[in-house]
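Good morning, everyone, and thank you for making time for this. Please have the sequence and the model open as I talk, so that you can find each part for yourself.

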Amino acid sequence: MSTAALTSPGEVLADLLPATTASRARVRDAALVLGGAALTGIAAQIAVPVPGSPVPVTGQTFAALLVGASLGTRRGVLSLALYALAGMAGMPWFAGGASGAGGATFGYIMGMLLAAGLVGALARRGGDRSMLRTAATMAAGTAVIYAVGVPYLALSTGMPFGQAVAVGLVPFLIGDALKAALAMGALPTAWKLAPLCG
């Protein structure tokens, strides 16, 4: 039996978690939002400096995209908003234990918030149920992160846009391809295993 036969159109993975009443659904959703923010904060601590760039390689973008795909638009955006607001308020869970707003990489965090919304919307349309669709979904989310992060990097540092692309996008393309490959395996597999866990 196919996964599609066992799930409804418009569902994301988090919707498969049981919630028998409206109050339990709210508790479940709050826990998912907190968990998504925490996952992103933990993944941000996997940070490797890139020579010549103020932007490190982190697990943060991968976590943000997975949160969006797994939780859907509303919960994904709330998770990343909570992550961003807590970091702005001083919680040291941005890349490498940083916090606060306005740093050179803060645009990437805002991009992740928007990307979580887009990826969540695509996942509700089945964008995470096959390898090719997952690759396209992750590519779209990654493009949003760079569309916000790179111009913000240029503006916040005063560097020319071309230089911002060279230090804030180009060094990360191979890593982004690897992250997409991980998602291509993880998300469709989760959908295939979901009926076995129910």
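I will go through some helix pairs, then some aromatic rings, and then two single residues.

Please keep in mind throughout that what you see is a predicted model.

Let me begin with the helices, and with a general remark: two packed helices are described by the angle between their axes and the distance between those axes.

Take helix α2, residues 22-43, and helix α3, residues 60-71, which pack with their axes 7 Å apart and at an angle of about 160°. An angle over 145 degrees counts as roughly antiparallel, and α2 and α3 are therefore roughly antiparallel to each other. Their crossing is right-handed, and on the α2 side the contact is made by Leu 32, Gly 36, Leu 39, Thr 40 and Ala 43, while α3 contributes Gln 60, Ala 63, Ala 64, Val 67 and Leu 71. Sorted by class, this contact of α2 with α3 has 7 nonpolar and 3 polar residues, with no charged ones.

Further along the chain we come to helix α5, residues 106-124, and helix α6, residues 131-157, whose axes come within 7 Å and cross at roughly 155°. How, then, are α5 and α6 oriented to each other? They are roughly antiparallel, by the cut-off I have just used, and α5 passes α6 in a right-handed crossing. Many residues meet here, including Phe 106, Tyr 108, Leu 114 and Leu 118 from α5, and Ala 140, Val 144, Val 148 and Tyr 152 from α6. The contact of α5 with α6 has 18 nonpolar residues and 5 polar ones, and no charged residues.

Helix α6 also packs against helix α7, residues 161-168, with axes that come within 8 Å and cross at roughly 120°. That angle makes α6 oblique to α7, although the crossing is again right-handed. From α6 the contact involves Tyr 146, Val 150, Pro 151, Leu 153 and Ala 154, and from α7 it involves Phe 161, Ala 164, Val 165, Val 167 and Gly 168. Here the classes come to 9 nonpolar and 1 polar, with no charged residues.

Now to the rings.

A search of the whole structure finds 5 aromatic pairs. One of them joins Phe 94 and Phe 106, a tilted pair with 6.2 Å from centre to centre and 55° between the planes. Phe 94 lies in the loop between α4 and α5, whereas Phe 106 lies in helix α5, so the pair ties together parts that are 12 residues apart in sequence. Both Phe 94 and Phe 106 are buried. Ring pairs also link these two with Tyr 83, Trp 93 and Tyr 152 into a cluster.

Finally, let us compare two single residues, starting with Thr 142, which sits in helix α6. Is Thr 142 buried or exposed? Its relative accessible area is 16%, so Thr 142 is buried. If we leave aside its neighbours within four places in sequence, Thr 142 is in contact with Leu 65 and Asp 176.

Leu 85, by contrast, belongs to helix α4, and at 54% relative accessibility Leu 85 counts as exposed. From Leu 85 to Val 33 there are 52 residues in sequence, and the two are 13 Å apart in space, C-alpha to C-alpha.

How values were computed:
Residues numbered from 1 in each chain as written. Predicted model: local features only at pLDDT ≥ 70, side-chain atom pairs only at ≥ 80, totals over all residues. Heavy atoms only, no water. Axes fitted to C-alpha atoms, helices over the stretch in contact; angles between N-to-C directions. Helix = DSSP H or I, 4+ residues; strand = E, 2+ residues; numbered from the N terminus. Parallel < 35°, antiparallel > 145°, perpendicular 65-115°, else oblique. Left-handed = near helix turned anticlockwise from the far one by under 90°. Contact = heavy atoms within 4.5 Å. Nonpolar A, V, L, I, M, F, W, Y, C, P; charged D, E, K, R; others polar. Phe/Tyr/Trp six-rings, centres within 6.5 Å; stacked < 30°, edge-to-face > 60°. Buried < 20%, exposed > 50% of the residue type's maximum accessible area, 1.4 Å probe, protein only.
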